[in-house]
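Student: Could you take me on a close look at one part of this model? I would like to see how the helix that meets the DNA sits on its sheet, and what surrounds it.

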Protein chains: 2
Amino acid sequence: MAIEPSELERIQSMVRHVQSLPSGDHLFRIGDQFTAIYAVRAGCIKSYSLDAVGHELVHGFHVRNELLGFDAVYPDRHRCNALILETCSVCVIPYRDIARLGAEFHSLQSQVMRLMSREFSRHLICAEGAGATQRTAIFLLDIQSRLRQQGAAKDEFRLPMSREDVSNYLGITAETLSRLMTKLQKIGLIDVDRRNIRVADCIRLERIAQGIR
Amino acid sequence: MAIEPSELERIQSMVRHVQSLPSGDHLFRIGDQFTAIYAVRAGCIKSYSLDAVGHELVHGFHVRNELLGFDAVYPDRHRCNALILETCSVCVIPYRDIARLGAEFHSLQSQVMRLMSREFSRHLICAEGAGATQRTAIFLLDIQSRLRQQGAAKDEFRLPMSREDVSNYLGITAETLSRLMTKLQKIGLIDVDRRNIRVADCIRLERIAQGIR
DNA sequence: CGGATGCTTGAAGCTGCTCAAGTGAAGTGG
DNA sequence: CCACTTCACTTGAGCAGCTTCAAGCATCCG
């Protein structure tokens, strides 16, 4: 969901507040009234919900220049919680303004729909992979390219979230994820040091992400 | 994605064509230019793509009063194929008209966004379930409630798609699905006769769908 | 230093997959 | 109308991948 700088500028014109939020805070919670879309300017936010048994179900992670809050467009209330993982600077874009300005500039309106579509399609990325190894590879490449846009080095980055968050997002256990990371390191595709990841062999990692072994 | 009759009337006013399509035809294919959103008036459509190995990946099924085509809003080209499973009557709603009319009546615009949001959120339903049994139960209850709205009996319905389609949608094999259907029948939750399903114990089926055993 | 937290590693078990055969309904041709 | 085929589905046996439960480490923080 990274958005074009030009698109972002346009959206910025609609911004009322820029909030600064410490890690551990919630930007919104399930059931909250839908009032705005949020654009992350710095930091990282996790959107999640809980299943019947109380297990966390991670829907996605949002970093710089990405949008969240579309989950509430239909039922008018948020369907998930948004937790700050790293201290955040967030633009608040009141939905009312989008609707109002959208009527005046209808190119803006279609832009919002495009962004919305892009946001949702990201949700499907990791569900696509068949095996756990493939999903892990997809995740690593996806988060790498997103973090690179916010100033990370070419092939080195630091995960803003815990292993447990990642494993919940991928629909596998933390233990399995840990084993897979070790495996990927052993065969020379990545270097892992806690949350610091270096992609050593991008080509082969991409091949695994595509399901080719 | 069933839409309110009143909403549908409004959208109908934008309709250019009503197409009639025989089963086996494609409504659109991957890569096709995005020109319109489609509303199903009768029949059933499967949206799917193929993975790297050539396996079918079913994104969803669309029955009466449901919309499809939002998959192309962002990249301007369709990301999946739409195959007619049962002879269809389909309203074609040119996207240009939505944008134009949306600018005039901005309540319509937010309605379209709501529908879009509703459409996408459905995609997540079956991904949520942890085990194969749970996903199967979720699917049966979901498709039951949707088919009921198009005139099916209270607890009896006929699946418009094959076991293979369903299993691809749920991310399990056809064999596993078959075994699970048999299991659900043995413990008295459903009656299965080929594609004809009767929900015998809705309460317990819902409990399984929620992950409570 | 002691404890907490987050990550890794190991062993055993279960779920769902693969491969393979069997069944039954619907359609085809003689 | 009946054998023959075909197709969709079911059923079975063995196996692999992932989970569960449990313990072991390292890092951070009081």
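Tutor: Let's start with α6(A), which lies across β8 and β9 of chain A and runs at about 130 degrees to β8(A). Please keep in mind throughout that this is a predicted model.

The sheet under that helix is an open one of three strands, ordered β7-β9-β8 in chain A, with antiparallel pairing. Its edges are β7 (156-158) and β8 (190-193) of chain A; each has a single partner strand, so one side of each is left without a neighbour in the sheet. On average, neighbouring strands of this sheet are turned by 15 degrees against each other, direction ignored. Strands of a sheet pair through backbone hydrogen bonds, either parallel or antiparallel. Here β8(A) and β9 (residues 196-199) of chain A run antiparallel and are joined by four bridges. Within that pairing, Asp191(A) stands opposite Arg198(A) in β9(A).

A second helix also meets this sheet. Helix α4 (residues 132-148) of chain A lies across β7, β8 and β9 of chain A, and its course is at about 90 degrees to β7(A).

Now follow α6(A) to the DNA. With four residues, α6(A) gives the most to the surface near DNA strand C. There are 15 residues around DNA strand C, and those that come nearest are Ser178(A), Arg179(A), Thr182(A), Ala132(B) and Thr176(B). Arg179(A) deserves a pause: one of its polar side-chain atoms lies 2.8 Å from a base nitrogen of DNA strand C. Other contacts go to the backbone of the strand. A polar side-chain atom of Arg163(A) is 3.1 Å from a phosphate oxygen of DNA strand C, and Thr173(B) likewise places a polar side-chain atom 3.1 Å from a phosphate oxygen of that strand. The elements that give two or more residues to this surface are α6 of chain A together with α6 of chain B. Of the atoms of DNA strand C within 4 Å of the protein, 62% belong to sugar or phosphate, and the rest to bases.

Turn next to DNA strand D. Here α6(B) gives the most to the nearby surface, with four residues, while α6 (174-186) of chain A and α6 of chain B each supply at least two residues. Of the 16 residues around DNA strand D, the nearest are Ala132(A), Thr176(A), Ser178(B), Arg179(B) and Thr182(B). From chain A, Thr173(A) has a polar side-chain atom 3.0 Å from a phosphate oxygen of DNA strand D. From chain B, an N or O atom in the side chain of Arg163(B) is 3.1 Å from a phosphate oxygen of DNA strand D, and for Arg195(B) the corresponding distance to a phosphate oxygen is 3.4 Å. Sugar or phosphate accounts for 62% of the atoms of DNA strand D within 4 Å of the protein, and bases for the rest.

What does α6(B) rest on? In chain B, three strands form an open sheet in the order β7-β9-β8, paired antiparallel. The edge strands are β7 (156-158) and β8 (190-193) of chain B, each with a single partner, so one side of each lacks a neighbour in the sheet. From one strand to the next, the twist averages 15 degrees. Four bridges join β8(B) to β9 (residues 196-199) of chain B, and these strands run antiparallel; in this pair Asp193(B) stands opposite Asn196(B) in β9(B). Helix α6 (residues 174-186) of chain B packs on the sheet, touching β8 and β9 of chain B, and its direction makes about 130 degrees with that of β8(B).

One last stop is helix α5. In chain A, the buried residues of α5 (residues 163-170) are Asp165(A), Val166(A), Ser167(A), Tyr169(A) and Leu170(A). Gly171(A) follows α5(A) and has a positive phi, near 75 degrees. In chain B, helix α5 (residues 163-170) holds Asp165(B), which is buried, with a relative accessible area of 9%. The side chains of Asp165(B) and Lys46(B) are joined by a polar contact of 2.8 Å. Leaving aside residues up to four places away in sequence, Asp165(B) touches Lys46(B), Glu56(B), Val58(B), Phe61(B) and Leu85(B).

Terms used. Residues numbered from 1 in each chain as written. Chains lettered and ligands numbered in written order. Predicted model: local features only at pLDDT ≥ 70, side-chain atom pairs only at ≥ 80, totals over all residues. Heavy atoms only, no water. Pairing = 2+ DSSP bridges. Axes fitted to C-alpha atoms, helices over the stretch in contact; angles between N-to-C directions. Contact = heavy atoms within 4.5 Å. Buried < 20%, exposed > 50% of the residue type's maximum accessible area, 1.4 Å probe, protein only. Near = heavy atom within 4 Å. Polar contact = N/O pair within 3.5 Å; in protein donor to acceptor, adjacent residues only side chain to side chain.
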